[in-house]
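User: I am new to this structure and should like to learn how to read its features. Could you guide me through them in order?

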Amino acid sequence: MSFLKIRDLSVILRGTNHRLLRGVSLDVGATEVMGLVGESGAGKSMIGKAVLGILPRSARIVGGSIELDGVDLLTLPPRQRRHLIGQKAALIPQDPLTALNPARRIGPQISDRLVDILGWDKARARARAEEILHDVHIPQPDRVLRAYPHELSGGMRQRVLIASAFAAEPRLIVADEPTTALDVTVQKQILKLIFEMQARHGTALLFVTHDLGVVSKICQRLTVLYGGLVMEEAEVGAFFEAPRHAYSRALLAATPRHTDPTADLTPVPEAVIAEARRAVAEADQRWHA
Amino acid sequence: MFLRRLLTRIATTLVTLLGVAVIVFAVIRIVPGDPVAMMLPPGATEADIARLNAFYGLDKSIPEQFFIWLGGVVQGDFGTSITTRQPVLGLVLSRLPATLELSVMALVIAVVLGGLVALTGTRLRYTRTEGALDVANGMALSVPDFLWGLVLILLFGVLWPVFTISGRVSPNLVPEFATSFFLFESVLRLRFDLWLDLVQHMLMPALALAIPLAAIIGQLLKQSLKETMHLDYVTLARTKGYSENHVILREALRNAVLPTLTLIGVQFTFLIGGTVIIERLFSYEGLGNMAIDAVINRDLPLIQGIVLLFALLFTLVNLAVDLLYAVLNPRLRHA
């Protein structure tokens, strides 16, 4: 039983006929970790944004459905949709330096959703914020609650954002390249933390990344995107043994391996790109017909 | 640390005021126009002129006159008004409350109006309403305050006379007040009959001063609000389930206000300068009106006193803005 069920989702660039997502279908099970991979511009972040209702103004959903816990978000009135997303889903953003409000203290930024959207009383929400900061291994959580974002390091801020995402016990978390903006030394700790928290809370996780190495370690399934089109969707074990799709094989060959970091990388061959483009063009033809 | 900053601030303020005093003192003595000649009837003798010049100390050199005057100022004596023969300090202080109340009222109106325009424009961004607001804003901005004054007089004083467009308060009510802060006092004493009469007099001049400032505030605040609305922490708040209104007011507004605040400080000093003409236009008995009379009559000590007070007001406004900025921006608080 999938918690997030996307069917045939199409998103266009507003005012044009150009599709950014070309009929994407995707399932994420209730406690599953799904990796979403692809090159820049493949539309992997776009899917996460569509689910959370934060697509930029320039993008418009023109077809398909996004079911969260059995409810189609796209048919709900805006207020109810927002509320449902706020209750059941959360985002771990890409850049911890810009994702916290510089004018507000950390504490309220974690607990505000608990009070305003989930209806907790303030004391309980504050206690929860302190507890969850403790869970993400932040020393002296009571001091951090009173701090402003500029008083914390980048790694600390990402911990705070992870805590904030898990604080309300959401059933689905979208992590949008959560380590890209961090130091390499911090990246590993943050990844470990996200999966520690995911395992403890049994949350469904949609992990958007361009790093197949990370996917191989932490995801159960993955979806490969090219040009807003799903190229392949597979179990991680099977995928890394033998990817079915030519594009997936090429992408894998272009990924550095920790076991042999000096090995030459193969760029995605022209022929494979041409084939992927053909698939995109065919999908567009079917759609416009 | 704070004490050191405060002392530096006071020192720079004093230097500024001294500079202003030197310039004003020199300029009003260099430009043509002789106060003594204006006081004497036609046919006064050379001896009469010399006697009056000596009486007011105008026979000495300008630097000499300046140091005599400065010596008095340091001791709290700003000289004697030539036309009214009363101490300048008393005259100026008696008019200051009227101008302060008018300026602050105009500022409050400007902030409220400008804030509403910015918030509405942000809430309805990319719609026709935003476009219409922008056009109205541009018009409000391109018409100067004194023209707004004339328009308001014509509309609400002549064509549809609902407001009193002359004076600060009905003359028969003046004895009711114990202080010169009429508006403030009426609120404190809960005398809403007096308050209503004051507002009826003050609203039009205050509005004339406020409209251009409101337009500037509306324009800049909306611009920085719209920029802030694209930032990551605003997007994150949306995923938490918050409404557009909530996101604008709680996440974006406080950060977007900072650049606007600096601008309000600068523009407020312009507004205080604008009271000179607006007070004249509405026969409002404030400092600005007094300044015009003083200039017409070449009342040198009075001009000096008024200008010095205006300069002091400007520096105080800037100080207040700096303090407010530190309060609103946590990153500056420990700096």
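User: How many residues of chain B are in contact with chain A?

Analyst: Contacts between two chains are counted on each side. In this predicted model, 19 residues of chain B touch 28 residues of chain A.

User: How much area do chain B and chain A bury between them, and which residues of chain B lose the most area to chain A?

Analyst: The two chains bury about 2,100 Å² between them, with 56% of that on carbon and sulfur atoms. On the side of chain B, the residues that lose the most area to chain A are Leu236(B), Thr239(B) and Lys240(B), which together make up 29% of what that side buries.

User: May the same reading be applied inside chain B? Which domains does the assignment give?

Analyst: The domain assignment divides chain B into domain 1 (2-74) and domain 2 (95-332). Taken over C-alpha atoms, the centres of these two domains of chain B are 33 Å apart. Contact between them involves 17 residues of domain 1 and 14 residues of domain 2. About 1,400 Å² is buried between the two domains of chain B, and carbon and sulfur atoms give 74% of it. Within domain 1 of chain B, Arg9(B), Leu17(B) and Ile28(B) lose the most area to domain 2, together 35% of what that side buries.

User: How is empty space found, and how much of it lies in the largest pocket?

Analyst: A probe the size of a water molecule is rolled over the atoms, and this shows where empty space is left. The largest pocket holds about 1,300 Å³ of space. It is lined by 36 residues, and those closest to its centre are Gly53(A), Ile54(A), Leu55(A), Pro56(A) and Arg238(B).

User: Which helices and strands supply at least two residues each to that lining, and what classes of residue does it have?

Analyst: From chain A come helix H1 (44-52), strand E4 (59-68) and helix H2 (78-88); from chain B come helix H10 (232-239) and helix H11 (244-281). By class, the lining has 17 nonpolar, 13 charged and 6 polar residues.

User: Where is phi positive in a residue other than glycine?

Analyst: One such residue is His137(A), with phi near 60 degrees. His137(A) sits in the loop between helix H4 (122-135) and helix H5 (141-146) of chain A. Another is Tyr126(B), with phi near 65 degrees, in the loop that joins helix H5 (88-123) and helix H6 (128-142) of chain B.

User: Why does Tyr126(B) count as partly exposed?

Analyst: Partly exposed covers the range between 20% and 50% relative accessible area. Tyr126(B) counts as partly exposed because its relative accessibility is 41%. His137(A), with a relative accessible area of 46%, is also partly exposed.

Conventions:
Residues numbered from 1 in each chain as written. Chains lettered and ligands numbered in written order. Predicted model: local features only at pLDDT ≥ 70, side-chain atom pairs only at ≥ 80, totals over all residues. Heavy atoms only, no water. Helix = DSSP H or I, 4+ residues; strand = E, 2+ residues; numbered from the N terminus. Buried < 20%, exposed > 50% of the residue type's maximum accessible area, 1.4 Å probe, protein only. 1 Å grid on protein atoms, 1.4 Å probe; cavity = no way out; pocket = protein on both sides within 12 Å on 5 of 7 lines; lining within 4 Å. Points joined across faces, edges and corners; volume = space filled by probe spheres on them. Nonpolar A, V, L, I, M, F, W, Y, C, P; charged D, E, K, R; others polar. Domains from an automatic or database assignment. Contact = heavy atoms within 4.5 Å. Buried area = accessible area lost by both parts, 1.4 Å probe.
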